[in-house]
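Reader: I should like to learn how salt bridges are read from a set of coordinates. Please take me through one case.

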Amino acid sequence: MVDYFPWAILPLKPAAESNTRLGSVLSPHQRRQLYEVMLADVLSALTSVSSIGGVLAITSCSVAMSHLRRAGVETLPDPGHGGLNEAIAYGLTELDRREITGAFTIPGDIPVVTSDEIAGLIRSIQDNGSVTIVPSHDGQGTNSLAMTPPTLLLPRFGHSSKDAHIALARQKDLHLELMPLAGFGFDIDTPADLNRMAGLTGSSRTKCFLDEIGFLKPKIQSPTPLQSGLGLSG
């Protein structure tokens, strides 16, 4: 039966292989904890969206599995041969086999993504069809590739992936929309990204965790609160 509600593809690498660029500021145990709280924030946003058909996680990570089961997320084992692009393509092909008409990718390290942003991304491919790209906050990467049908483009995640996906869409003369989203585009990769969390309004499990370990404790007390650089709320 055809499913007209887009699904999310959530690729997750093993916890032990994640957040490696944060090794200078977080211990291995803290990096694992960060992996879990960021995933919990992403799953909370996903499961709050009524217009989503479902979530398919591509992973073989036992740490992630407990969170995915509690959230009712379907999983497929990571094929483990070609990295991120192969994992995503594997999931997209499975959704296409099930006659699901649309899909979007979502990373597990965007803890301030909101359900409203996800719903807006879903509407973009339902209303306009073809391809919508959510750029990463540095303007170079892709934090979501949304398509209808799911296998419209082969994923090209990696260095300068936004331009690579745009080029593929133009080669096929497809309708293409770029949708910058403050929360969806804000992935945690570096210590600087963690520091930016201190200036965000709203709450998340990730921000609470960073507060608990003292990472966000200001070095100099100021009577004037910092204003959010991203203007996020909710």
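Author: The discussion below concerns the salt bridges of this predicted model.

Reader: How many salt bridges does a search of the whole structure find?

Author: The criterion is a side-chain nitrogen of Lys or Arg within 4 Å of a carboxyl oxygen of Asp or Glu. Applied to the whole structure, the search returns 6 salt bridges.

Reader: Where in the structure do Glu-36 and Arg-32 lie relative to each other?

Author: Both belong to helix 1 (residues 28-46), and because they are 4 residues apart, about one helical turn separates them. Their side chains form a salt bridge with an N to O distance of 3.4 Å. Arg-32 is partly exposed, at 42% relative accessible area.

Reader: Which parts does the salt bridge between Asp-41 and Arg-205 tie together?

Author: The side chains of Asp-41 and Arg-205 meet at 3.6 Å, N to O. Asp-41 is in helix 1 and Arg-205 in helix 7 (residues 205-212), so the bridge ties together parts 164 residues apart in sequence. Asp-41 is buried at 7% relative accessibility, whereas Arg-205 is partly exposed at 44%.

Reader: Which residues are joined into one network by salt bridges that share partners?

Author: One salt bridge to consider pairs Arg-98 with Glu-74, at 2.4 Å from N to O. Arg-98 sits in the loop between helix 3 (84-97) and strand 4 (103-105), while Glu-74 is in strand 3 (residues 74-76); the two are 24 residues apart, and the pair links distant parts of the chain. Arg-98 is partly exposed at 24% relative accessible area, and Glu-74 is partly exposed at 29%. Through shared partners, salt bridges join Glu-74, Glu-94, Arg-97 and Arg-98 into one network.

Terms used: Residues numbered from 1 in each chain as written. Predicted model: local features only at pLDDT ≥ 70, side-chain atom pairs only at ≥ 80, totals over all residues. Heavy atoms only, no water. Buried < 20%, exposed > 50% of the residue type's maximum accessible area, 1.4 Å probe, protein only.
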